[in-house]
Amino acid sequence: MSEFNKELENEFDERTVDITRVAKVVKGGRRFGFRVTVVVGDHAGKVGVGVGKANTVPDAISKATDRARKDMRRMNLYKNTIPHAVVGRTGGAKVFLKPASPGTGLIAGGGVRAVLQTLGVQDILTKSQGSANILNVVQATMDALDRLKAVEDTARLRGKKVEDLLPFWERKRG
């Protein structure tokens, strides 16, 4: 790997969200291992989630981190929030994301907070419903972020001006 790639790697924020002990039932009894969920982001609109399984925690973390780096993708953001409200679902987990005005902060918990912090979102309201399984909540958050549309694209499709689609706190009062 070149020096440039190593410098870029160090700029990413890696967060271990979940470490779970899993068991495989075999003829002689149970074989225990670990499943780790890791979120990697650059605080500038790119985020990825990885899951790794291994017999030891450090091996599982390194696998999950590698997979999260490969999974990184750019999300459509608007300044320090998201352009519109969106719902993401995975399994029994449902995550609702809603844009918030500047100064609101990151109102989220657990896995949702980890994904949004590494993405670089600063003002957002969230609600997690259904399953509390951290892996499903994180994947539902990624599903919601994947569903976000850019303000410019939506304006072009609807034949409107970008200013007409901005959040209420951004619109010019006239």
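What percentage of the 174 residues of the protein chain count as buried? In this predicted model, the share of residues that count as buried is 39%. The accessible surface of the protein chain amounts to about 10,300 Å², and carbon and sulfur atoms contribute 48% of that surface.

The secondary structure of the protein chain consists of six helices and eight strands, which follow one another from the N terminus in the order α-β-β-β-α-β-β-β-β-α-β-α-α-α. Taken along the principal axes, the box filled by the C-alpha atoms of the protein chain has dimensions of roughly 75 × 45 × 30 Å. Among the contacts in the protein chain with a separation of 6 or more, 55% are made by residues that lie 24 or more positions apart.

With regard to charge, the protein chain carries 31 positive and 19 negative charges, and the mean positions of these two sets are separated by 10 Å.

One residue, Thr118, may be described in further detail. Thr118 is part of helix α3, which spans residues 110-119. Thr118 counts as buried because its relative accessibility is 0%, whereas the cut-off for a buried residue is under 20%. When residues up to four places away in sequence are not counted, Thr118 touches Asp13 and Arg15, together with Val39, Val40, Gly41, Asp42 and His43, and also Lys46 and Val47.

Conventions
Residues are numbered from 1 along each chain as its sequence is written. This is a predicted model: local features need pLDDT of at least 70, side-chain atom pairs count only at pLDDT 80 or more; totals for chains, interfaces and linings use all residues. Side-chain values use heavy atoms; hydrogens and water are left out. Helices (H or I, at least four residues) and strands (E, at least two) are DSSP runs, numbered from the N terminus. Buried means under 20% relative accessible area, exposed over 50%, partly exposed in between (1.4 Å probe, protein chains only). Contact means heavy atoms within 4.5 Å. Accessible areas come from the Shrake-Rupley method with a 1.4 Å probe; for residues, only the protein chains shown count as cover. Lys and Arg count as positive and Asp and Glu as negative; His and the chain ends are not counted. The place of a charge is taken as NZ of Lys, CZ of Arg, CG of Asp or CD of Glu.
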